[in-house]
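Q: Please take a close look at one part of this structure, the open three-stranded sheet and what surrounds it. I should like a connected account that also places this part within the rest of the chain.

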Amino acid sequence: MSAVEANFDGLVGLTHHYAGLSFGNEASTRNQLQPSNPRLAAKQGLLKMKALADMGYLQGVIPPHERPNIGALRQLGFSGSDEQVLAHAGKTAPGLLSAASSASAMWVANAATVSPSADSGDGRVHLTVANLNNKFHRAMEAPETALLLRAIFRDSRHFSVHDALPQVAMFGDEGAANHNRLGGAYGEPGVQLFVYGRDSSHEGRAPQRYPARQTREASEAVARLHQLSSDQVIFAQQNPAVIDQGVFHNDVIAVSNQHMLFCHQQAFVDQPALLARLQARVPGFVALEVPENRVSVKDAVNTYLFNSQLLSQPDGSMLLVLPEESRQHTGVWDYLCEQVESDGPLKALKVFDLRESMYNGGGPACLRLRVVLTPQEQQAVNPAVIMNDRLFARLNQWVDRHYRDRLTQADLVDPQLLREGREALDELTKLLDLGNVYAFQQ
């Protein structure tokens, strides 16, 4: 059956700030306490969405979460009116207020893991919400993510949105950031590569400096929920040594599209054996391995070379969507230009300025959730979230009305920021036809 791969990008939230909350994400910690520009962040993301839509790719929008998360702060013992909760948390536990105000839900590669209908046992698109339980500021996202995804993929005849796995370490799940799908045409059955950092049931190689956020047990559970057969899945371990160098998710060291895997030479444990398995299972498989002597792991992390979008062009060649940081690094850019000029499948590069996201540790691939859709499934998606000229203009106007152009951690205590956010999201739910998906609307 014919199908296309859609990208659903996260819209950056109104409380986007640099708090250094994500241990193991070196960009996040390096830029801690710097002032942010939420308005610019949202507009940079919208420009990327619109540019890809204009190039003919199906592009959707996933809205931000309600922040600060007053409900989470109440769970932690802060009481009184919403304003009193903010004041008490800001005075006695500013770190908790910062976590409850994080706009990290914009990185929707961590929202869920997705399997297309061509792969699933019941012929539906399956989405399992990630529990993100390695970090408090991200673990609170799961319930709201489920509501938002169900408001977008709301036809149960075509879509099955699963709640997050149990919030325990054994089932640490970071979503599509640790998942790849390889194969031929999007509408044909493919091979799903689940990448994990640790196996909680067995002793083995593990990082020593930074946490391995994804477990094998979580990946296996997601495969079962999506009704995938054993010949459709491969489980591979991420190289612990690169996790310790800041590769906190697989999408910081590898990206795939159809028959091509673009990865660093040091991405996986026993990488030659993994590539041989993929060669045997994926027709026409091509691996573009970047050698350490051309691009070091450190430079890959700093430039987010692999946190890129690998997209199919109409002629079957590949387009790589990159952050500006990759173009600014001479070694990285020279390597990419060599590949484009070679006989390989990579034939074009597209660069975007995503500085506001990059400073918080997320690049082009972090901002998007990939969903393969047949024509019937496309018709079943909430049409109000699909990017076009009209939606682009309306969202930019909405951002201009509601977003601040400067925000620091100290501003999070401001009750006016809470009111601004709720007014903005209430308007956005109508603009995107979402219904009452936020707690303050209930």
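A: The account below begins with confidence, turns to the sheet and its neighbouring loops, and then moves to other parts of the chain.

The model is predicted. Its mean pLDDT is 94, and 96% of the residues reach 70 or more. The stretch of residues 23-28 stays under 50 in pLDDT, although the model has 27 contacts for it beyond four places in sequence. Where pLDDT is low, the predicted coordinates should not be read in detail.

The sheet in question is open and consists of three strands in the order S9-S10-S11, with mixed pairing. Strand S9 (254-257) and strand S11 (286-290) are its edge strands, each pairing on one side only. On average, and with direction ignored, neighbouring strands of this sheet are turned by 10 degrees against each other. S9 and S10 run antiparallel and are joined by four bridges. Ala-254, for instance, has Cys-263 in S10 as its bridge partner. Helix H10 (residues 271-281) packs on the sheet, where it touches S10 and S11. The direction of H10 makes about 175 degrees with that of S10.

The loop between S9 and S10 contains Gln-258. Phi of Gln-258 is near 50 degrees, a positive value in a residue other than glycine. Most residues other than glycine have a negative phi, and most peptide bonds are trans. Gln-258 has a relative accessible area of 16%; because buried means under 20%, this residue counts as buried.

Strand S10 also takes part in an aromatic pair. Phe-262 and Phe-306 are 4.8 Å apart, centre to centre, with 45 degrees between the planes, and the pair is tilted. Phe-262 lies in strand S10 (residues 260-264), whereas Phe-306 lies in the loop between helix H11 (297-303) and strand S12 (309-312), so the pair ties together parts that are 44 residues apart in sequence. Phe-262 and Phe-306 are both buried. The loop between H11 and S12 also holds Tyr-304, whose phi is near 55 degrees, again a positive value in a residue other than glycine. Tyr-304 counts as buried, at 2% relative accessibility.

The pair of Phe-262 and Phe-306 belongs to a wider set, for a search of the whole structure finds six aromatic pairs. A pair of aromatic rings is described by the distance of the centres and the angle of the planes. For Tyr-438 and Phe-440, the ring centres are 6.0 Å apart and the planes are at 10 degrees, so this pair is stacked. Within it, Tyr-438 counts as buried at 0% relative accessibility, while Phe-440 counts as partly exposed at 25%. Elsewhere, Phe-8, Phe-153 and Phe-159 form one aromatic cluster. A ring also meets a charged side chain: Lys-50 lies over the face of Phe-392, at 5.6 Å from the ring centre.

Phe-159 of the cluster leads to another strand. In strand S5 (residues 159-162), Phe-159 and Val-161 point one way, Ser-160 and His-162 point the other way, and all are buried. Strand S4 (residues 125-129) runs parallel to S5, and four bridges join the two. One bridge partnership is that of His-126 with Ser-160 in S5. Between these strands in sequence comes helix H7 (residues 142-152), in which eight of the 11 residues are buried, so the helix is largely enclosed by the rest of the structure. Among its buried residues are Glu-144, Thr-145, Leu-148 and Ile-152.

Two further loops deserve mention. In the loop between strand S2 (59-62) and helix H3 (70-75) is Pro-68, which a cis peptide bond joins to Arg-67, with omega at about 0 degrees. Ser-229 has its place in the loop between helix H8 (216-225) and strand S8 (233-237) and is partly exposed, with a relative accessible area of 32%. The C-alpha atom of Ser-229 is separated by 8.2 Å from that of Ser-120, although the two residues are 109 residues apart along the chain.

Note on methods:
Residues numbered from 1 in each chain as written. Predicted model: local features only at pLDDT ≥ 70, side-chain atom pairs only at ≥ 80, totals over all residues. Heavy atoms only, no water. pLDDT = per-residue confidence, 0-100. Contact = heavy atoms within 4.5 Å. Phe/Tyr/Trp six-rings, centres within 6.5 Å; stacked < 30°, edge-to-face > 60°. Buried < 20%, exposed > 50% of the residue type's maximum accessible area, 1.4 Å probe, protein only. Lys NZ or Arg CZ within 6 Å of the ring centre and 35° of its normal. Pairing = 2+ DSSP bridges. Axes fitted to C-alpha atoms, helices over the stretch in contact; angles between N-to-C directions.
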